[in-house]
Amino acid sequence: MIVAGSHVVTADPARPVVPRGAVLVRDGLVVAVGPEADLRAAHPDESVVDTGRVVLPGLVNAHTHAYSAYARGMAVHSPTRDFEEILSNLWWALDRLLEPEDVRLNALTTFMESVRCGVTTVVDHHSSPNAITGSLTTMADAARLVGVRACLCYETSDRDGPSAFAEAVAENVAFLRAANTADQHRVRGLFGMHASFTLSEASLDTIAAEAAGAPGGYHVHVAEGPGDQPRTRELCGLGVVDRLASRGMLGPDSLAAHCVHTSAAEIDVLADRGALVVHNPHSNLGNAVGFAPVVEMLHRGIRVGLGTDAYTPDVLASMQVAKIVASGHRLDPTVGFAESVAMLFENNPAIASTLFGCDVGTLRPGAVADLATLDYRPPTPLDSRSAWGHVVFGMSGAQVADVMVDGEWVLRDREFTRLDEAEVLAHSAERAERVWKEL
């Protein structure tokens, strides 16, 4: 089919914007991008869907946590005065209450909300200590039902004892072997670890040995809070980055989330290893953990992507906050705009393309046909001069009307095509009540 819109923002540097543009989609791939009139004339037999809206590539959320879905609106009755209390009294209390049905519902609601915000690729970091085995397969099934592309991992740590640790290792390894195959590009796996400070030397050695026999990289929180570095040094005498790098856990196929408390020397290590870093500005501000040295990492050549850490499903909002944080933290309004665009529209597609083994996140010939349409009506000219200003300061997930993944509409005129949204949300609300009462 030909998908036409008022403007097509491609994220392809060769042709960033096509006014009154269109995308030719065939067999799940983008075949051509250009003026609507030209594509209609060249392909007269193709059906045409004239959305009348702005067309964007399907967006990528490079780090989130579906397991936190029940936390929205939930009262917290224990202290959350710093990051370690937030972990202990909120997230680690919540995840221990999750049962397999909660894992399924959390994944469904997270993936549905992501689609509603134009996100077609989700990289998730999961935890459910009392429902570990099979949890990633459950989430993969939910991703397939909603229609999103998903990269999943289980959050391995020592905090729930040796039995849970062993189960988490086995879950990661089994899922990597099942998901990281050449015959499909919709679901992928990484080996998940919580953070350096929640893993002993022996545990890291076990993970490295077990992961060596499975395809795929790692996904780990790196120096997110101020306690990760000193506690890691107490464990082994090294900083977080050096400790992980010494075991090959940072590199071009692995994700290092946050990297807030990283030194200049550690940034050099990340750059030298070709590590993929994910910035989560909403979360860093909300948890009061500090300001990640994003600009410094980008200038050092590190591929820094953008996630939401489950604070919001809207990565367009995350991009805007990333711009504001970079400017405000440095007291320099000239910093942040280009960097935030690069994180979401250059680096996130590159990260997703690496993880999934196909061209993701850009509208150009040969890329997967993942796209979103936005009901955005520009009050000023929208063209190659101004497109990113419109995207950063004018567009939001709330404007998304249609979403396509692999050439299939999964959201059409704001309605899901593959499942009953109201039924899923009602069931989620019922299950959330149980968890809230137990907390």
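# Exercises on a predicted protein model

Of the 439 residues in the protein, 60% are buried (under 20% relative accessible area, with exposed meaning over 50% and partly exposed in between, for a 1.4 Å probe and protein chains only). The model is predicted: local features need pLDDT of at least 70, side-chain atom pairs count only at pLDDT 80 or more, and totals for chains, interfaces and linings use all residues. Residues are numbered from 1 along each chain as its sequence is written, and side-chain values use heavy atoms, with hydrogens and water left out.

## Exercise 1: overall form

Task: Find how many helices and strands the protein has, and compare its radius of gyration with the globule rule.

Solution. Step 1: The count is 15 helices and 20 strands (DSSP runs numbered from the N terminus: H or I of at least four residues for helices, E of at least two for strands). Step 2: The radius of gyration is 21 Å, close to the 22 Å that the globule rule gives for 439 residues, so the protein is as compact as a globular protein of that length. The radius is taken over C-alpha atoms, and the rule is 2.2 Å times the number of residues to the power 0.38. Step 3: Along the principal axes, the C-alpha atoms fill a box of roughly 65 × 45 × 40 Å.

## Exercise 2: strand β8

Task: Determine whether strand β8 (residues 59-64) is enclosed or not, and name a strand joined to it.

Solution. Step 1: Six of the six residues of β8 are buried, so the strand is largely enclosed by the rest of the structure. Step 2: β8 runs parallel to strand β9 (residues 119-124), and four bridges join them; two strands pair if DSSP finds at least two bridges between them. Step 3: Opposite Leu59 stands Val119 in β9.

## Exercise 3: an open sheet

Task: Give the strand order of the open sheet of seven strands, then its edges.

Solution. Step 1: The order is β3-β2-β7-β17-β18-β19-β20, and the pairing is mixed. Step 2: At the edges are β3 (17-19) and β20 (415-416), each pairing on one side only. Step 3: Within the sheet, β17 (residues 371-374) and β18 (residues 400-405) are antiparallel, with four bridges. Leu374 has Val400 in β18 as its bridge partner.

## Exercise 4: Gly239

Task: Locate Gly239 and list what it touches.

Solution. Step 1: Gly239 lies in the loop between α7 (228-236) and α8 (240-245). Step 2: Gly239 has 6% relative accessibility, so it counts as buried. Step 3: Leaving out residues up to four places away in sequence, Gly239 touches Gln229, Thr232, Arg233 and Glu266 (contact means heavy atoms within 4.5 Å).
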